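The following paragraphs lead through a single protein model, from one residue to its wider setting. Please keep the sequence and the coordinates in view while reading.

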Amino acid sequence: MEFLTGYGLVGLFIASFLAATILPLSSELVLGYLLLHHYTVPGVLAVATLGNVLGALTNYGVGRAGGGPMLEKIFKVSPKEMETARHRFKTHGTISLLLAWVPVIGDPLTVVAGMLKIRLWVFLTLVSIGKFTRYAVLSWAVLSY
């Protein structure tokens with residue numbers, strides 16, 4: 001992801017978007033780099049959150065289209081990871097989407113939300129809150145260091 005730091009906010013958007021999909025990528029390095037190079041916190045938070053939410057929305061769309069088998073074949077998401085995500089929904093309900101930012105479980109949660117046809121406005125609200133909060137905490141940590 002280091003090469004994306006040279007693209008500023010566009011690079012952050014791409015990194016955040018890709019990090020929220022099933023691809024095993026991370027946007028923290030780009031976020032931290034931009035904050036340490038005097039980009040504004042509101043701008044960085046807005047771009048990172050938007051990119052990450054749109055990436056999660058892509059996962060939702062894959063799930064809505066019935067993407068379980070595709071996830072296993074193409075993205076190598078194990079049936080166990082998908083079952084864990086389903087279990088979280090059964091146990092904790094839709095509120096578990098606040099954890100869509102958590103590595104390993106977050107991406108399958110957003111796919112399962114699509115598979116279960118969770119209302120889009122509920123999905124977007126909860127995922128946005130969780131992802132914004134995560135980036136806000138990361139920004140605070142970077143700038144406090």
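Is G114 buried or exposed? G114 counts as buried because its relative accessibility is 0%, where buried means under 20% relative accessible area, exposed over 50% and partly exposed in between (1.4 Å probe, protein chains only). The residue belongs to helix α6, residues 106–115; helices (H or I, at least four residues) and strands (E, at least two) are DSSP runs, numbered from the N terminus. Although 51 residues separate G114 from G63 in sequence, their C-alpha atoms lie 4.3 Å apart. Beyond its neighbours within four places in sequence, G114 is in contact with Y60, G63 and R64, contact being defined as heavy atoms within 4.5 Å.

The basis of these statements should be set out. The model is predicted: local features need pLDDT of at least 70, and side-chain atom pairs count only at pLDDT 80 or more, whereas totals for chains, interfaces and linings use all residues. Residues are numbered from 1 along each chain as its sequence is written, and side-chain values use heavy atoms, with hydrogens and water left out. The pLDDT is the predictor's confidence in each residue, from 0 to 100. Its average over the protein is 88, and 92% of the residues score at least 70. Among the elements, helix α7 (residues 120–144) has the highest mean pLDDT, 97, and helix α4 (residues 68–73) the lowest, 68. Where pLDDT is low, the predicted coordinates should not be read in detail.

The interior may be considered next. A nonpolar core is a set of buried Ala, Val, Leu, Ile, Met, Phe, Trp, Tyr and Cys residues joined through side-chain atoms within 4.5 Å. The largest one holds 18 residues, of which F89, L97, A113, I118, F123 and V127 touch the most other members. Two or more residues of this core come from each of α3 (41–64), α5 (79–92), α6 and α7. L97 illustrates the packing: not counting residues up to four places away in sequence, L97 touches F89, L109, A113, I118, F123, L126 and V127. A second, separate core has 12 residues, including L12, L34, V44 and V47.

Which side chains meet in a salt bridge? A salt bridge is a side-chain nitrogen of Lys or Arg within 4 Å of a carboxyl oxygen of Asp or Glu, and by this rule the count comes to 1. The side chains involved are those of R134 and E28, at 1.8 Å from N to O. R134 lies in helix α7 and E28 in helix α2 (residues 28–36), so the pair ties together parts that are 106 residues apart in sequence. Side chains of opposite charge can pair when their charged atoms come close. R134 is buried, at 15% relative accessibility, whereas E28 is partly exposed, at 27%. Leaving aside neighbours within four places in sequence, R134 is in contact with S27, E28, N52 and W101. The C-alpha atoms of R134 and S27 are 12 Å apart, across 107 residues of sequence.

The surface offers a further feature. F3, Y7, V10 and I14 form a nonpolar patch with about 460 Å² of accessible area together. Patches are made of residues with over 30% relative accessible area and no salt bridge, like charges being joined within 9 Å and nonpolar side chains (Val, Leu, Ile, Met, Phe, Trp, Tyr) within 5 Å. Accessible areas come from the Shrake-Rupley method with a 1.4 Å probe; for residues, only the protein chains shown count as cover. Within the patch, I14 is located in helix α1 (residues 8–20) and is partly exposed, with a relative accessible area of 35%.

Two backbone conformations also deserve attention. H38, in the loop between α2 and α3, has a positive phi of about 70 degrees although it is not a glycine; H38 is exposed, at 74% relative accessible area. K117, in the loop between α6 and α7, likewise has a positive phi, of about 55 degrees, and is not a glycine.

A last pair concerns helix α3, where P42 is placed. P42 counts as exposed, at 61% relative accessibility. Its C-alpha lies 9.9 Å from that of S139, with the two residues 97 positions apart in sequence.
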